[in-house]
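Subject: Structure for your review

Dear colleague,

Please find below the structure that I would like to hand over to you. I ask that you keep it open while you read the notes that come after it.

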Amino acid sequence: MSDIEMRKQRHIRLAIEEDVQSDVTSGLEDARLIHRSLPEIDLEEVSTGIELFGRRLAAPIIISAITGGTAQAKEINATLASAAEEFRIGIGVGSQRIAIENPSTAHTFGVVREGAPSALVIGNMGCPQLSLGWGAKEAQRCVDMIEADALAIHMNALQEAIQVGGETRYRGILTKVREVVGGIDVPVVMKETGCGVAFEDAVKLEEAGAKGLDVSGVGGTSWAAVEHHIAKEVGKRDQEALGESLWNWGIPTAVSIVEARRSTGLKIIASGGMRTGVEMAKAIALGADAVGIAKPFLQKAVEGPEALKEHIERILLEFRATMFLVGAKDVDDLKRVPLVVMGRTAEWLRLRGFAPEDYSLRRF
Ligand SMILES: Cc1cc2nc3c(=O)[nH]c(=O)nc-3n(C[C@H](O)[C@H](O)[C@H](O)COP(=O)(O)O)c2cc1C
C-alpha cells in the first residue's frame, strides 16, 4: 500500500476511534431563533428544498468531503452516495489527488456519481496541489472523474503546517485559483477544513471568481487533533505537541458564516460541528445557503447504510420542526427570520466590526 493510501486509512480510523473533536464550540449555541407561538403555517406545509449549483436538493444538506482512494474508502463512498441519492441531498468526495497521481484508484471516487446519478456532487482538490503545479487541466480531470457539478478546492494551511514535510507554500495561491476558475466548466467552491474563513479572505476569494465558500469552522472535527494522533503513532514528538497546541485554532463556524455573508455574495456552505437540524436552521438563519456534515456521516456510514439513513432522517425531522416553530415555510423564509446572538459569539463579531443590526435584528 502506498504512503498516501495508508494516510487515507489512518484518517478514517483516527477520526472514528480517537478524540478529534475541537474543545471550542461552533458558536451556534449562542444563536437563538425566536420561537413563534403562532407560526401561521402547518408543519406539513414546510418545504426544505433548495437549488444549488444547478441541482435541486430536497434539503440544504451536503455530505462533506471525506474520502476516496482505498478499498475501504470506496465502500464508504458507495454508502454515502446511495443515501445522497435517496434523500436528494448533496455529496462531496475526499481529495482526488490520489486518483490523479494513480488513475487506477479513480473508481473509488467514481462510485459516488454511479450511486448518486441525480445528486449534487462536488469534486475535491487542495491548495497544496496548486502550489505543486496543478492547474485547470488537473482540476478538470477531477471534475470529469465524477461528473461533478462543482469543484471544491480545500484550504488546509493548518494541517500542512503540522504534518512532517507538509506543503506550506501558500504564496500566490489566489492567482492559481483564478486560473482554475477560468479554465474549468463548473463553479469553484473554496473550502476550509475546520479553521473557518475570515471576511478578508472571503472577499479575495470572491474577487478571484469562486462562486461558493464552505466555511468549515471551528466546532467540529479538528485537523490539528488528527495530525496530533498521527504524529503520536509515528513517534514525531514535535508535531505531536504542535497538534495539541493548535487543537482549537481558528474561527468558530457561526462567526465565519456571518463574516462571509455580510462581506460577499458567495453561496455559503456552513460546516464544522454541524450536528443537529436545529443547528442547521440556525446556520441558515445566520446566512448560510446549505450546511455540510462530515464526521457523523462517516461514523454512521461505517456502521452501515441503515444507521446512516436513520441519522439523516433524524436531522431532517429536527430541521423541519425548527422551521415550523419559527414560522418559516421554506428555506428563503428561514433566511429572513429574526434571531439573537449572545455571549462569546456576539462579542467576537462585535470586535470584528459586525453589529447586531447587521445579522440579528434587520428582519424585524
Ligand atoms: C476522515 C475525514 C477526512 C476528510 N478529508 C477531507 C478532504 O479530503 N478534503 C476536504 O476538503 N475536507 C476533508 N475533511 C474535512 C470535512 O469535509 C469537514 O470540512 C470537517 O471535517 C468539518 O466537519 P465536521 O465537523 O462535520 O467533521 C475530512 C474530514 C474527515 C473527518
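The notes below deal with the cavities, one of the pockets and the nonpolar cores.

Please bear in mind throughout that this is a predicted model.

Cavities

The structure contains two cavities of 30 Å³ or more. The largest of them has a volume of about 90 Å³. Its lining is made up of 14 residues, and those nearest the centre are I62, A65, I122, K191 and D214. Three strands, β4 (61–63), β6 (121–126) and β8 (188–192), each contribute at least two residues to this lining. Of the elements, β6 gives the most, with three residues. Sorted by class, the lining of the largest cavity comprises eight nonpolar, four polar and two charged residues.

The second largest cavity holds about 50 Å³ of space. It is lined by 14 residues, of which G194, V218, S222, W247 and W249 are the closest to its centre. Here the lining consists of eight nonpolar and six polar residues, with no charged residues.

The second largest pocket

For the second largest pocket, the computed volume is about 430 Å³. Twenty residues line this pocket, and M155, Y170, E192, D201 and L205 lie closest to its centre. Which elements give two or more residues to its lining? They are the helices α7 (157–162), α8 (173–183) and α9 (199–207), together with the strand β8. By class, 15 of the lining residues are nonpolar, two are polar and three are charged. You will have met β8 already, as it also supplies at least two residues to the lining of the largest cavity.

Nonpolar cores

The largest nonpolar core has 107 residues, and M190 and L213 are those with the most contacts inside it. Which residues does L213 contact, once its neighbours within four places in sequence are left aside? They are M155, V189, M190, V197, A202, L205, A260, L266, K267, I268 and I269. Two of these partners, M155 and L205, are also among the residues closest to the centre of the second largest pocket.

Another core, of six residues, lies apart from the largest one; L14, A225, I230 and W247 are among its members. W247 also appears among the residues closest to the centre of the second largest cavity.

I suggest that you locate L213 in the structure and then look for its partners, including M190 and I268.

Yours sincerely,
A colleague

Definitions and conventions:
Residues numbered from 1 in each chain as written. Predicted model: local features only at pLDDT ≥ 70, side-chain atom pairs only at ≥ 80, totals over all residues. Heavy atoms only, no water. 1 Å grid on protein atoms, 1.4 Å probe; cavity = no way out; pocket = protein on both sides within 12 Å on 5 of 7 lines; lining within 4 Å. Points joined across faces, edges and corners; volume = space filled by probe spheres on them. Helix = DSSP H or I, 4+ residues; strand = E, 2+ residues; numbered from the N terminus. Nonpolar A, V, L, I, M, F, W, Y, C, P; charged D, E, K, R; others polar. Core = buried A, V, L, I, M, F, W, Y, C linked by side-chain atoms within 4.5 Å. Buried < 20%, exposed > 50% of the residue type's maximum accessible area, 1.4 Å probe, protein only. Contact = heavy atoms within 4.5 Å.
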